[in-house]
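Here are a few notes to go with the structure, point by point. Have it open while you read.

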Amino acid sequence: MNREFVTADSHEMLEQALATMRAAKCRSVPVLHDGKLVGLLTMDHVGELLMIHTALQQAQRTAKLAQHN
């Protein structure tokens, strides 16, 4: 068990949290808000977010194409 670990702040951008994770070679980091634990950021969560974002963009493009036809 590791007693020393990096954390992410709830105010920081996702890109910064990912950079912190990469630098520490971690697949997950606790997320703190004003020093209190509020969540856990994992690479799996980031992957899910990217898949949802891509799907929403694709749906918007499809809707725009349908409007023009």
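**Strands and core**

1. Start with a register check: Val 29 has Leu 41 as its bridge partner in β3. One step along, Pro 30 sits opposite Leu 40 in that strand. Keep in mind throughout that this is a predicted model.

2. Those pairs belong to an antiparallel pairing between β2 (residues 28-33) and β3 (residues 36-42), with 6 bridges. The hairpin these strands form has 2 residues between them, and Asp 34 has a positive phi there, near 50°.

3. What does β2 do with β1? Strand β1 (residues 8-9) runs parallel to β2, and 2 bridges join them. Asp 9 stands opposite Leu 32 in β2.

4. Now the largest nonpolar core: it has 8 residues, namely Ala 8, Ala 17, Leu 18, Met 21, Val 29, Val 31, Leu 41 and Val 46. The elements giving two or more residues are α1 (14-24) and β2. Of these, α1 gives the most, with 3 residues. As a general rule, nonpolar side chains in soluble globular proteins tend to be buried together.

5. Val 29 and Leu 41 turn up again here: these bridge partners are both members of that core. Val 31 is in the core as well. In a regular strand, side chains alternate between the two faces of the sheet.

6. Val 31 deserves a look of its own. Leaving aside neighbours within four places in sequence, Val 31 contacts Ala 8, Asp 9 and Ser 10, and also Lys 36, Leu 37, Val 38, Gly 39, Leu 40 and Leu 41. Among these contacts, Ala 8 and Leu 41 are fellow core residues.

Technical notes:
Residues numbered from 1 in each chain as written. Predicted model: local features only at pLDDT ≥ 70, side-chain atom pairs only at ≥ 80, totals over all residues. Heavy atoms only, no water. Pairing = 2+ DSSP bridges. Helix = DSSP H or I, 4+ residues; strand = E, 2+ residues; numbered from the N terminus. Core = buried A, V, L, I, M, F, W, Y, C linked by side-chain atoms within 4.5 Å. Buried < 20%, exposed > 50% of the residue type's maximum accessible area, 1.4 Å probe, protein only. Contact = heavy atoms within 4.5 Å.
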